[in-house]
Amino acid sequence: MSHVTRRLSVRGRVQGVFYRAWSAEEAARLALRGWVRNRVDGSVELLIHGAESDVAAMIELCRKGPPAAKVERIDVEEADEPIPAGFEKRPTV
């Protein structure tokens with residue numbers, strides 16, 4: 001099974017709508033590792049690591065987000081950085 005790491009930048013109405021909590025729950029359900037945090041520019045950033053198919057599934061889930069979110073755009077790029085043991089909600093940067 002091939003594992004991949006991706007960094008996502010999610011833009012739109014994604015802060016103040018429980019996007020971080022929702023994404024942490026979805027990541028845990030998919031057994032992904034990584035983190036999620038708000039950015040001062042109003043976006044949400046995620047680092048996700050896991051089986052390629054599970055990472056792809058998470059990216060598709062993030063395109064919709066939780067019920068109150070309105071995702072306008074997601075930028076996805078490959079990432080190569082240390083991955084935490086689980087999935088963390090990190091402070092805003």
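Visitor: What share of the contacts in the protein with a separation of 6 or more comes from residues 24 or more positions apart?

Guide: The structure is a predicted model, in which local features need pLDDT of at least 70 and side-chain atom pairs count only at pLDDT 80 or more, while totals for chains, interfaces and linings use all residues. Residues are numbered from 1 along each chain as its sequence is written, and side-chain values use heavy atoms, with hydrogens and water left out. Taking contact to mean heavy atoms within 4.5 Å, the share of such contacts that comes from residues 24 or more positions apart is 78%.

Visitor: In what order do the elements of the protein run from the N terminus on?

Guide: Helices (H or I, at least four residues) and strands (E, at least two) are DSSP runs, numbered from the N terminus. The protein has 2 helices and 5 strands, and their order along the chain is β-α-β-β-α-β-β.

Visitor: What is the order of the strands in the open sheet?

Guide: Two strands count as paired if DSSP finds at least two bridges between them, and the pairing in this open sheet of 5 strands is mixed. Because β4 (70–78) and β5 (87–90) have a single partner strand each, they stand at the edges, and one side of each is left without a neighbour in the sheet. The twist averages 20° from one strand to the next, and the order of the strands is β4-β1-β3-β2-β5.

Visitor: Which residue in β5 is the bridge partner of V36?

Guide: Strand β2, residues 33–38, pairs with β5 in the parallel sense, and the pairing extends over 4 bridges. Within β5, the bridge partner of V36 is K89.

Visitor: What angle does the direction of helix α1 make with that of β5?

Guide: Axes are lines fitted to C-alpha atoms, for helices over the stretch in contact, and angles run from 0 to 180 degrees between N-to-C directions. Helix α1 (residues 19–29) packs on the sheet and touches β1 (3–13), β2, β3 (44–51), β4 and β5. The buried residues of α1 (buried meaning under 20% relative accessible area, exposed over 50% and partly exposed in between, with a 1.4 Å probe and protein chains only) include Y19 and W22. The direction of α1 makes an angle with that of β5 of about 170°.

Visitor: Which residues are linked with E45 in a network of salt bridges?

Guide: A salt bridge is a side-chain nitrogen of Lys or Arg within 4 Å of a carboxyl oxygen of Asp or Glu, and E45 meets R7 in one at 2.6 Å, N to O, a pair that joins strands β3 and β1 across 38 residues. E45 also forms a salt bridge with R37, with the closest N and O atoms 2.8 Å apart. E45 is buried at 9% relative accessible area, as R7 is at 17% and R37 at 16%. The residues linked with E45 in the network are R7, R37, R39 and E81.

Visitor: How far apart in the chain are E60 and R63?

Guide: The side chains of E60 and R63 meet in a salt bridge of 3.0 Å, N to O, and both residues are partly exposed, E60 at 49% relative accessibility and R63 at 41%. They lie in helix α2 and are separated by about one helical turn, because their distance along the chain is 3 residues.
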